[in-house]
Amino acid sequence: MNLNSENTSTGPLTGVRILDLSTVVSGPLATMHLAMQGADVVKVEPLGGDINRRSRQKVSANGEFSALFVSTNRGKRSIALDLKNPRAVEVLRRLIGTADVLVQNFRPGTMERLGLGYDTVRSLNPRLVYVSISGVGDRGPYVRKRIYDPMIQALSGLADIQSEQVGNRPRMIRTIVADKTTSIFTAQAIAAALYARERTGAGQHVKLSLLSTMLSFLWPEGMMQYTVVGGEKSAASTNAGPDLIFEAADGYLTVGTITDVEWQGFCDATERPDLKTDPRFATAERRSLNSIERITLMGEILKARPRDEWLARLDDADVPCAPVLRRSEIVDNEQVVAMELVEVLDQPSVGHVRQPRPAATFGDAPSPLAGARPAPSIGEHSEALLRELGYDDAEIDALSADAVVRRAAR
């Protein structure tokens with residue numbers, strides 16, 4: 001358990017400043033990944049705060065924090081500005097002059113209306129990496145549509161991949177997979193653009209959309225049927241068989257049997273040697289062609305014994321398997337505990353919160369969560385950031401009094 005709320009984190013991006021004008025999940029989660037790698041991420045939010053603060057599962061009495069906000073904004077500093085006010089835009093322009101990266105996910109055209117489109121900003125800071133995240137891109141018939149994760153699941157083919165086996169009704173993944181996947185693609189693209197800048201000295205405009213991200217994400221196996229032009233009808237469907245969740249006598253597990261050795265191990269573990277020579281399952285190709293029969297049969301066999309007994313037998317036979325954990329079981333799972341994948345941290349105004357340790361580790365450095373700031377309150381760092389930009393006390397007081405900027409309550 002680490003309850004440190006002071007910012008002492010370092011990492012490969014220490015010294016990089018990122019202005020995060022984004023909201024909801026795709027942008028904020030991307031910049032949080034980078035904050036956990038040492039970047040100084042300045043969250044620029046409206047005077048009322050990012051809308052994610054008011055998301056479901058509120059966790060603070062003052063209304064400033066939701067669980068979603070805490071888990072997508074840790075490690076950042078907050079400045080709250082009314083960007084409808086030219087004086088606030090001037091503050092932002094000064095911040096841009098100090099930044100390495102700017103991330104925004106407004107609808108296409110919004111930044112231009114603020115006088116902060118890429119061509120304008122490039123003149124303020126030629127080394128700036130300017131990142132624009134959109135729902136479906138910046139052109140085409142859908143460009144003005146309001147887009148959330150379900151729309152992308154529908155447009156990208158993900159809902160079709162999840163179709164029910166009976167009736168073929170498309171189904172959604174019950175998590176915001178497009179937003180979160182885009183955050184990872186965005187963080188990687190920012191790192192690549194910063195590397196390019198080290199070689200060329202120039203920034204650039206990096207564009208991503210949730211739709212392009214999910215097509216890239218799904219294509220390798222999700223669109224196999226449509227990869228070869230002219231071979232669409234002859235290819236096997238990617239969602240032809242049932243999923244690999246099996247019900248045991250007292251719970252659920254998953255089992256994978258891709259190779260011949262794994263299939264033979266399954267037959268040994270389940271005491272069904274006859275299946276080794278069954279012509280329907282004799283080769284990987286035959287097992288794929290007869291996947292519905294094979295998986296249905298596996299399900300019937302696995303109902304006979306308790307889950308943990310099957311897991312032990314399958315492990316002994318070196319067959320890929322795992323328990324299907326309920327969310328309430330994850331924190332105490334033996335592998336999660338052994339790897340210390342979930343940490344407990346202090347979040348002011350909330351209390352102790354659980355957060356996953358960042359996926360990437362760098363050398364022997366301690367977990368970046370250990371020294372990271374908690375998620376900021378609205379405008380918590382407005383005053384400090386204004387001072388860094390050269391504003392004096394009188395100017396800061398005037399900006400606050402005129403509701404150009406919001407600073408934390410004293």
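How many bridges join strand β4 to strand β5, and do the two run parallel or antiparallel? Here are some notes on that pairing and its surroundings; please keep in mind that this is a predicted model.

1. **The β4-β5 pair.** To take the opening question directly, strand β4 (residues 101-104) and strand β5 (residues 129-134) are joined by 4 bridges and run parallel. If you would like a place to start looking, L102 stands opposite Y130 in β5.

2. **The whole sheet.** Zooming out, β4 and β5 belong to an open sheet of 7 strands, ordered β6-β5-β4-β1-β2-β3-β12, with mixed pairing. Its edge strands are β6 (205-209) and β12, each of which pairs on one side only. Helix α8 (residues 177-200) packs on this sheet and touches β4, β5 and β6. The direction of α8 makes about 160° with that of β5.

3. **Helix against helix.** A useful reminder before the numbers: two packed helices are described by the angle between their axes and the distance between the axes. For helix α6 (residues 149-156) and α8, the angle is about 85° and the axes lie 7 Å apart. Since angles of 65 to 115 degrees count as roughly perpendicular, α6 and α8 are therefore roughly perpendicular to each other. On the α6 side the contact is made by D149, I152 and Q153, and on the α8 side by V177, A178 and D179. By character, the residues of this contact divide into 3 nonpolar, 1 polar and 2 charged.

4. **Strand β3 and its cover.** Over at β3 (residues 76-81), the strand is mostly covered, with 6 of its 6 residues buried. In a regular strand the side chains alternate between the two faces of the sheet. In β3, K76, S78 and A80 lie on one side, while R77, I79 and L81 lie on the other, and all are buried, so both faces are covered.

5. **The β2 side of β3.** Strand β2 (residues 40-45) runs parallel to β3, and 5 bridges join the two. Within this pair, K43 stands opposite S78 in β3. Between these strands the chain passes through helix α2 (residues 67-73), making a right-handed β-α-β crossover.

6. **The β12 side of β3.** Which way does β3 run relative to strand β12, parallel or antiparallel? β3 and β12 (residues 405-406) run antiparallel, with 2 bridges between them. A80 of β3 stands opposite R406 in β12, and A80 is also among the buried residues from point 4.

How values were computed: Residues numbered from 1 in each chain as written. Predicted model: local features only at pLDDT ≥ 70, side-chain atom pairs only at ≥ 80, totals over all residues. Heavy atoms only, no water. Buried < 20%, exposed > 50% of the residue type's maximum accessible area, 1.4 Å probe, protein only. Pairing = 2+ DSSP bridges. Right-handed = clockwise from strand over helix to strand, strands pointing away. Contact = heavy atoms within 4.5 Å. Axes fitted to C-alpha atoms, helices over the stretch in contact; angles between N-to-C directions. Parallel < 35°, antiparallel > 145°, perpendicular 65-115°, else oblique. Nonpolar A, V, L, I, M, F, W, Y, C, P; charged D, E, K, R; others polar.
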